[in-house]
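Open the viewer and keep the selection tool ready. This tour goes stop by stop, and each stop says what to select next.

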Amino acid sequence: MNSELQMKREQFMVQIRKQAREEIFSKKRQTSLGQEGEVVERCNPDEIINFIYQTYLEQDFKHLARLLKQYNLNYLKLLEEQNINDLPILNQFITHFSTNGNSLKLFFDIIRMSGIPLEINLTSDRLMCIIQVLVILINFTYLERKDIVENLLQNDLITLLLKDLMSRMVSPDKVQIHFDRWCEILESICLILINVQFELDNRKLLIFREETLRSQLFRVWSKIYPKNPIAKAWRAILLLECKLLESNEIDLADIPHYNFNCIISQCTYLIDKVQIEDDNLCKRVLEILQRLSEFKVTSALTLTLTKFVWEKILKLNLFPHKVFSIFTNFLAEKDNDHYILQYLIDIGLIESMINSLMSLADAPLIEIIYKCFNNILYYPHAFTVEKAISVFIPFLHNYFNQSSILKQELCMEYLFLLQTLVVHQQLSDYHLNEIFINLDCLKYISQMLLMCTSLTKYIAELFITFPKLPEEFKSIILEKVDNYDFVEILNNQATMSKDDGCINLILNLIQLWEQNEQEIVIV
């Protein structure tokens, strides 16, 4: 061993021993290092660091992997036993990651393997050492210790994981040589990135998520997953993506669109090519698509998810809340090109919504389905009008009849449905007869006025659309308004609560129609 190397080792040993407690070092270890590098359970953490450092300098990576594994096992055993007498030893472990720059530098150097150029394949033993360090980092970032996470980030953990390690994984041919090892590394990176997020405040968390979304991680993963990686890697990457997309405050401007396409493509791959036996994987895929739909990444969703994939998502019939939320968000951005409606009809979206309604859907799911359907009604089509009149309106009438309390959100969707029908659909006399006479929608609106005073705004918006109707239907509406005591109900509301203008608006509209009706009669 050359003198420079010997000097580095001695300097490191001096630093370690200065930081260690003398009473800890004075205790004997229960066993020692054997010839094969087997380390005993009670080996002092600072001394294990010494052995790890020596072995790293000697480039004995098989032995080094065993030492790193033992370091982790010793730490986990202390956590499991929770013996108060072991607290000084446990604190030594914590110090290696919270304040001790030399220990952390050693671990990071092992991951970096800077002596090996990026284009050269790492041996299986070297990869095993990287994996062991990453597992150690998983366990220490799992602790609720902001100081550990802050220290890791200050020492460029993100650069290490998302640049240095990713740069070794960009070549799929190189990764293929030790494929299982690289999958473990990628899984561990994901778990560390997940753990770190729990210890960051809102501002730092947003920066962290944006930085991760900008990285090569998703490009690298897109080259790995077609090789059929282990399920654990799938679970880790999907969970990380869900966590990264949690915040709708992320600035999409600086994030490569290609990265979003990579994320969506992996979802397509899982749905299309993989037999998903774990429902949780399917749930994660739908969560990711739901988040992306909230980010208005609609062009990517349209381009990447084919009609066949959408059909398969609907046929899976899993997690309908998430599925219909995706379509609700997707349709919230109105598109003047009405081809989209035929596309949704072709994949069976409306029929799937109806089937879910008929399967004893809960109130939140009903609300999501009606929000989605109301977005669909923006596009004129005879098929959707027929379904609205034959299924969607009668279903809510039946639901209201069976409910002792009218849920405000469902009432709002009901009013939006009627309003969207009148404004955006081409309603025939047959349709209007069904809505206002046979289905008697104004009866339910009067009940809403009685039970939900906060709905007057939405009822006013609906009434504003009625002048578009033929004259004979205005007469029918006036008759219904009279039968169900709208004026009396509205006047009572005006005396009990402050009018925001909506009550007066409805009353004025009714009065105007009555005047017009009288003029027609006189003529």
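Start with the words for burial: buried means under 20% relative accessible area, exposed means over 50%, and partly exposed lies in between (1.4 Å probe, protein chains only). This is a predicted model, in which local features need pLDDT of at least 70 and side-chain atom pairs count only at pLDDT 80 or more, while totals for chains, interfaces and linings use all residues. Residues are numbered from 1 along each chain as its sequence is written, and side-chain values use heavy atoms, with hydrogens and water left out.

**Stop 1: glutamate 150**

Select helix 8, residues 146-154, and find glutamate 150 there. Helices here are DSSP runs (H or I, at least four residues), as are strands (E, at least two), numbered from the N terminus. Glutamate 150 is partly exposed, at a relative accessible area of 35%. Now add valine 196, 46 residues apart from glutamate 150 along the chain. The two C-alpha atoms are separated by 9.0 Å.

**Stop 2: the whole chain**

Show everything. The chain has 30 helices and zero strands. It holds 523 residues, and 53% of them are buried. Contact means heavy atoms within 4.5 Å. Among contacts between residues at least 6 apart in sequence, 77% join residues at least 24 apart.

**Stop 3: two loops**

Go to the loop between helix 3 (45-57) and helix 4 (61-81), and select glutamine 59. Its phi is near 60°, a positive value in a residue other than glycine. Most residues other than glycine have a negative phi. Glutamine 59 is partly exposed, with a relative accessible area of 42%.

Next comes glutamine 82, in the loop between helix 4 and helix 5. Phi of glutamine 82 is also positive, near 50°. Is glutamine 82 buried or exposed? Glutamine 82 is exposed, with 69% relative accessible area.

**Stop 4: glutamine 92**

Move into helix 5, residues 87-98, and pick glutamine 92. Glutamine 92 is buried, at 7% relative accessible area. Show aspartate 46 too. Its backbone nitrogen lies 3.3 Å from a polar atom of the glutamine 92 side chain.

**Stop 5: glutamate 386**

Select helix 23, residues 382-402, where glutamate 386 sits. This glutamate 386 is partly exposed, with a relative accessible area of 39%. Add histidine 431, 45 residues apart from glutamate 386 along the chain. Their C-alpha atoms are separated by 8.3 Å.

**Stop 6: a helix pair**

Two packed helices are described by the angle between their axes and the distance between the axes. Select helix 24 (residues 408-424) and helix 26 (residues 441-451): their axes come within 11 Å and cross at roughly 145°. Axes are lines fitted to C-alpha atoms, for helices over the stretch in contact, and angles run from 0 to 180 degrees between N-to-C directions.

Which residues make the contact? From helix 24 come Cys411, Tyr414, Leu415 and Leu418, and from helix 26 come Cys441, Tyr444, Ile445 and Met448.

**Stop 7: the core**

A nonpolar core is a set of buried Ala, Val, Leu, Ile, Met, Phe, Trp, Tyr and Cys residues joined through side-chain atoms within 4.5 Å. The largest one has 187 residues, and Phe392, Tyr414 and Phe463 touch the most other members. Finish on phenylalanine 463. Leaving aside residues up to four places away in sequence, phenylalanine 463 touches Leu442, Val481, Phe486, Ile506, Leu509, Ile510 and Trp513.

How values were computed
A polar contact is a pair of N or O atoms within 3.5 Å; within protein, one must be able to donate a hydrogen and the other to accept it, and residues adjacent in sequence count only if both atoms are side-chain atoms.
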